[in-house]
Amino acid sequence: MTHSINLLGATGSIGRQTLDVCRRYPEIRINTAAAATSHEALAACAREFGVKKVCIFDESRYESLKNELFGSGITVTAGMDGLCECAADEDAECTVNAVVGAAGLLPTVSAMKAHRRIALANKETLVAGGGYVMQLAKECGVDIIPIDSEHSAVFQCMEGISGDRHSQIKGIILTASGGPFFGMKRAQLESVTPEMALRHPNWSMGSKITIDSATMMNKGFELIEACHLFSLAPSQVEISVHRQSIIHSAVVTADNAVIAQLGVPDMTIPIQYALTYPERRVSSSKPLSLSDIGQLTFEKADTETFSCLAAAMRAADMPQTTAGAVINGANEVLVRLFLEKKIAFTDISDGVCAALDEIPLTASDDLDNILAADRAAREFAESRSVADI
Ligand code: NDP
Ligand code: MG
């Protein structure tokens with residue numbers, strides 16, 4: 001059980017649900033907290049939880065945050081240096097990374113170098129830098145406890161397998177809700193608006209991951225995340241569209257037994273497990289009643305229509321390259337442009353596929369290569385939005 005955390009992304013969807021878990025279990029102390037721009041919410045969190053140090057990534061909000069916390073004795077920092085400092089602070093045993101986007105990569109690296117355990121929601125850390133990060137985790141002897149619901153499910157299923165897991169696990173079944181546009185074809189997707197894409201059928205999440213779910217980029221990212229976390233080849237991962245989001249994923253063992261983790265779609269369950277691991281504690285989530293649900297359905301994903309998923313599958317087949325950093329960087333920019341109504345929904349997948357085709361790939365075991373690929377992909381996506389749309 002974790003007794004103290006550094007919480008990066010404290011004001012977001014995962015961050016706020018982490019705070020709820022900490023309110024239920026006050027023995028989990030919040031040591032440092034960080035956000036991008038929400039200085040008022042960050043100050044309120046810092047005061048409520050008696051945080052030691054905070055970081056506001058947007059340096060133009062530093063003075064406002066400092067004023068809000070005047071006289072509190074709380075140290076205020078800003079920018080990427082402050083974020084990495086909060087991530088690595090040694091008065092907490094675990095760093096919860098709930099930042100959105102590749103901005104989460106460097107703080108993960110800092111926390112690992114300081115030998116903090118990582119509770120990881122920020123999947124972009126592994127999509128962009130998985131090869132490097134997993135090697136670093138090994139070298140530093142750091143455990144990564146996944147918060148993403150599917151990966152938490154696989155992690156929980158694997159807990160029941162003793163001995164050499166590698167030889168006993170045949171693969172995993174990664175479930176996908178299919179998002180709001182499951183069953184549609186490309187022609188229908190062309191006129192999708194941000195308002196339509198932000199309406200997820202099962203989960204309430206931050207806007208970026210909600211759009212990623214609508215394009216199915218999210219499932220592609222989760223494939224890459226799973227391959228890194230559990231040392232799997234992409235061919236060992238079956239993606240199954242399961243509209244009800246009740247089975248959060250499953251492990252297939254050598255004898256063809258399938259061990260699944262089920263529950264209502266509620267992120268406080270995997271967040272709380274990451275913090276109370278290896279213990280199980282009472283939760284505020286609703287219990288699952290299978291007879292109330294009635295039916296669980298499973299279908300194949302349409303990778304032709306949802307070509308972000310196809311691009312991520314291609315990237316997953318090249319884990320030693322910067323392909324993951326390229327699709328992630330391009331996707332981040334394209335999702336922002338779509339939310340700003342500057343490009344169409346289908347321009348996201350077209351741009352991601354073009355970035356993967358056109359940007360030269362380098363080796364992913366080097367952090368500078370990963371950061372360079374991320375920058376190149378962002379520039380590519382920005383220029384495309386001007387040139388092609
Ligand atoms: P939100 O957009 O709701 O929250 C993001 C949080 O990160 C906010 O606190 C934001 O601060 C902060 N942030 C963003 N950029 C920076 C930065 N550069 N430096 C410091 N803080 C930053 O996202 P979610 O909570 O939905 O998602 C967070 C991560 O968890 C993502 O990687 C997502 O893929 C993953 N995830 C989320 C799930 C969910 O249910 N929401 C499920 C599974 C995974 P501010 O408020 O100031 O903008
Ligand atoms: Mg998920």
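**Exercise 1. Backbone exceptions in loops**

Pro 278 is found in the loop between helix 13 and helix 14 (290-293). The structure under study is a predicted model. Determine what the conformation of the peptide bond from Tyr 277 to Pro 278 is, and state what sign phi takes at Ser 231 and at Lys 341.

*Solution.*
Step 1. The general expectation comes before the individual cases: most residues other than glycine have a negative phi, and most peptide bonds are trans.
Step 2. For the bond joining Tyr 277 to Pro 278, omega is near 5 degrees, and the bond is cis.
Step 3. Ser 231 is not a glycine, yet its phi is positive, at about 50 degrees. Its location is the loop that connects helix 12 (217-230) with strand 9 (237-241).
Step 4. Lys 341, likewise a residue other than glycine, has a positive phi near 60 degrees. This residue belongs to the loop between helix 16 and helix 17 (345-358).

**Exercise 2. Helix 1 against helix 13**

Classify the packing of helix 1 and helix 13 by angle, give the handedness of their crossing, and list the residues that meet.

*Solution.*
Step 1. Helix 1 spans residues 13-24 and helix 13 spans residues 268-276; they pack at an angle of about 60 degrees, and their axes are 9 Å apart.
Step 2. An angle of 65 to 115 degrees would count as roughly perpendicular. Helix 1 and helix 13 are therefore oblique to each other.
Step 3. Their crossing is right-handed.
Step 4. On the side of helix 1, the participants are Ile 14, Gln 17, Thr 18, Val 21 and Arg 24; they meet Thr 268, Ile 271, Gln 272 and Leu 275 of helix 13.
Step 5. Sorted by class, this contact holds 4 nonpolar, 4 polar and 1 charged residues.

**Exercise 3. Helix 4 against helix 5**

Carry out the corresponding analysis for helix 4 and helix 5.

*Solution.*
Step 1. The angle between helix 4 (residues 79-88) and helix 5 (residues 105-113) is about 40 degrees, with 8 Å between the axes.
Step 2. Helix 4 is therefore oblique to helix 5.
Step 3. The crossing of helix 4 past helix 5 is right-handed.
Step 4. Helix 4 contributes Met 80, Leu 83, Cys 84, Ala 87 and Ala 88, which meet Leu 106, Pro 107, Ser 110 and Ala 111 in helix 5.
Step 5. The residues of this contact comprise 8 nonpolar, 1 polar and no charged.

**Exercise 4. Helix 11 against helix 16**

Establish how helix 11 is oriented relative to helix 16, and describe the residues of their contact.

*Solution.*
Step 1. The axes of helix 11 (residues 207-215) and helix 16 (residues 323-339) cross at roughly 100 degrees and come within 10 Å.
Step 2. Helix 11 is therefore roughly perpendicular to helix 16.
Step 3. Ser 207, Lys 208, Ile 211 and Asp 212 of helix 11 meet Asn 328, Asn 331, Glu 332, Val 335, Phe 338 and Leu 339 of helix 16.
Step 4. The class division for this contact is 4 nonpolar, 3 polar and 3 charged.

**Exercise 5. The interface between the domains**

Describe the division of the chain into domains and the area that the domains bury between them.

*Solution.*
Step 1. The chain is divided into domain 1, covering 4-122, and domain 2, covering 152-383.
Step 2. Taken over C-alpha atoms, the domain centres are separated by 25 Å.
Step 3. To the contact, domain 1 supplies 17 residues and domain 2 supplies 22 residues.
Step 4. The size of an interface is often given as the accessible area lost when the parts come together. Domain 1 and domain 2 bury about 1600 Å² between them, with 69% of that area on carbon and sulfur atoms.

How values were computed:
Residues numbered from 1 in each chain as written. Chains lettered and ligands numbered in written order. Predicted model: local features only at pLDDT ≥ 70, side-chain atom pairs only at ≥ 80, totals over all residues. Heavy atoms only, no water. Axes fitted to C-alpha atoms, helices over the stretch in contact; angles between N-to-C directions. Helix = DSSP H or I, 4+ residues; strand = E, 2+ residues; numbered from the N terminus. Parallel < 35°, antiparallel > 145°, perpendicular 65-115°, else oblique. Left-handed = near helix turned anticlockwise from the far one by under 90°. Contact = heavy atoms within 4.5 Å. Nonpolar A, V, L, I, M, F, W, Y, C, P; charged D, E, K, R; others polar. Domains from an automatic or database assignment. Buried area = accessible area lost by both parts, 1.4 Å probe.
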